[in-house]
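Colleague: Hi! Could you walk me through this model, one piece at a time?

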Amino acid sequence: MTTQLPEITAEEQAQLQELYKAFAAAHMTPLWTQIGGLMPVTPQPDAVPMLWRWSTLLPLAERAGELVPVGRGGERRAIALANPGLPGSPYATPTLWAAIQYLGPREEAPAHRHTQTAFRFVVDGEGVWTNVEGDPVAMRRGDLLLTPGMHFHEHHNTTGHPMAWIDGLDIPLVRQLDAGFFEFGPDELGTRETPAVSRNERLWAHPGLTPVGAPPPKASPLMAYRWEHTDAALAAQLELEEEGHPGVVEPGHAVVRFTNPATAGDCLSTIRCEMHRLRAGARTAVTRTAGSSVWQVFEGSGLVRVGDEHYEVGKGDLFAVPSWAALSLATETGLDAFRFGDDPVFEALGLSRVHREELPQ
């Protein structure tokens, strides 16, 4: 039942306008004129669904490699993916920063550290090492490499050919919270060692085994999640499904989450990282999630729906999923995709919500 409001007289209307002017002069805003925007029925994100083609990104990064040096001043040759719904901001979503980083032959990116937590995901290539707190970590195809906040890190290419990868950080979130700090490290590399296995992997990369003598870590002590392990885990889930055993999240859809071996929580405090595999002919349910994400196709091809947009995607392509946008994936040939999202933040704040719409059979 709707309550009938009394008519406002001309005198009352004039008084109301004076009140609003007084509010404005005092830097105040009444809730009753703003509630629709402040408290919508469902999330109304400014970010929009967006697709970035690897076939566009890589040539532009290569061109930047010819024209833009790496070193103090520029620090990193990283080119951010800017969501058109967030004009003037180099953000993929309101909480997530994504970029393609390009390192030329024999190039070195000097050490620095920052509050923002970061990862690198490699679609193709090898020969670059990222030194995290002096521990050299090899970067190879399919690997997820971590750089938790306030960890000094530097990169160097040991080969005669360039290499590109994607960076993901929580830059927008940290900026909004006014919590960012940044420090330069030494101009020269801390180490030029190129071990096949880093020290952190030797200590922490043994499944189910926690080193008792290791000091309690503040962040994930494992800096490298190797493709061979990710691939084997995804393959095993689909094999078990074929044998009639549980493991997949839905028919033909295997998922692994990258976790902190010391806590079993997310590998990064503010970013969730996952790898998804859809077998040939699979399609997912339509899902809406409070919180945003960015996906990159690692192998295969498929059709992706984000909100009202539909994209045909292939290797290397990235797409942004705004908060509460309908998402579904389908593939005829098979699809592997890396996902990162702001889920840990939403869960920690009690704001997490997921709605799943089952597809008709």
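Modeller: Happy to! Let's begin with a hairpin: β17 and β18 form one with two residues between them, and G307 in the turn has a positive phi of about 60°. Helices (H or I, at least four residues) and strands (E, at least two) are DSSP runs, numbered from the N terminus. This is a predicted model, where local features need pLDDT of at least 70 and side-chain atom pairs count only at pLDDT 80 or more, while totals for chains, interfaces and linings use all residues. Residues are numbered from 1 along each chain as its sequence is written, and side-chain values use heavy atoms, with hydrogens and water left out.

Colleague: Cool. In what sense do β17 and β18 pair, and over how many bridges?

Modeller: They pair in the antiparallel sense over five bridges; two strands pair if DSSP finds at least two bridges between them. Strand β18 covers residues 309-313, and its H310 is the bridge partner of R305.

Colleague: And which way do the side chains along β17 point?

Modeller: They alternate along residues 302-306. G302, V304 and V306 point to one face and are buried, while L303 and R305 point to the other and are not. Buried means under 20% relative accessible area, exposed over 50%, partly exposed in between (1.4 Å probe, protein chains only).

Colleague: How many bridges join β17 to β20?

Modeller: Four, and these two strands run antiparallel. Strand β20 spans residues 327-330, and its L327 stands opposite V306.

Colleague: Switching topic: how many residues of β14 are buried?

Modeller: Seven of its seven residues, so to speak from end to end. Both faces are covered: R272, E274, H276 and L278 lie on one side, with C273, M275 and R277 on the other.

Colleague: What does β14 pair with, then?

Modeller: β13 pairs with β14 in the antiparallel sense over five bridges, and there V255 has H276 as its bridge partner. β14 also pairs with β21, again in the antiparallel sense, over seven bridges. In that pairing, R272 is matched with G341 of β21.

Colleague: I keep seeing rings. How many aromatic pairs does the structure hold?

Modeller: Twelve. One of them is F119 with F338, which is edge-to-face, at 5.4 Å centre to centre and 65° between the planes. Rings of Phe, Tyr and Trp (its six-membered ring) pair if their centres lie within 6.5 Å; planes under 30 degrees apart count as stacked, over 60 as edge-to-face and the rest as tilted.

Colleague: Where do F119 and F338 lie?

Modeller: F119 lies in strand β5 (residues 118-121) and F338 in strand β21 (residues 335-341), so the pair ties together parts that are 219 residues apart in sequence. Both residues are buried.

Colleague: What about F258 and F338, how are their planes set?

Modeller: Their planes are at 55° and their centres 6.4 Å apart, so that pair is tilted. F258 lies in the loop between β13 (253-257) and β14 (272-278), so this pair ties together parts that are 80 residues apart in sequence. F258 counts as buried at 5% relative accessibility, and F338 does at 0%.

Colleague: Which residues do ring pairs link into a cluster?

Modeller: F119, F121, Y225, W227, F258, F298, F338 and F340.

Colleague: Last one: what's the overall picture?

Modeller: The chain has seven helices and 22 strands. Its C-alpha trace spans about 80 × 55 × 45 Å along its principal axes, and 47% of its 361 residues count as buried.
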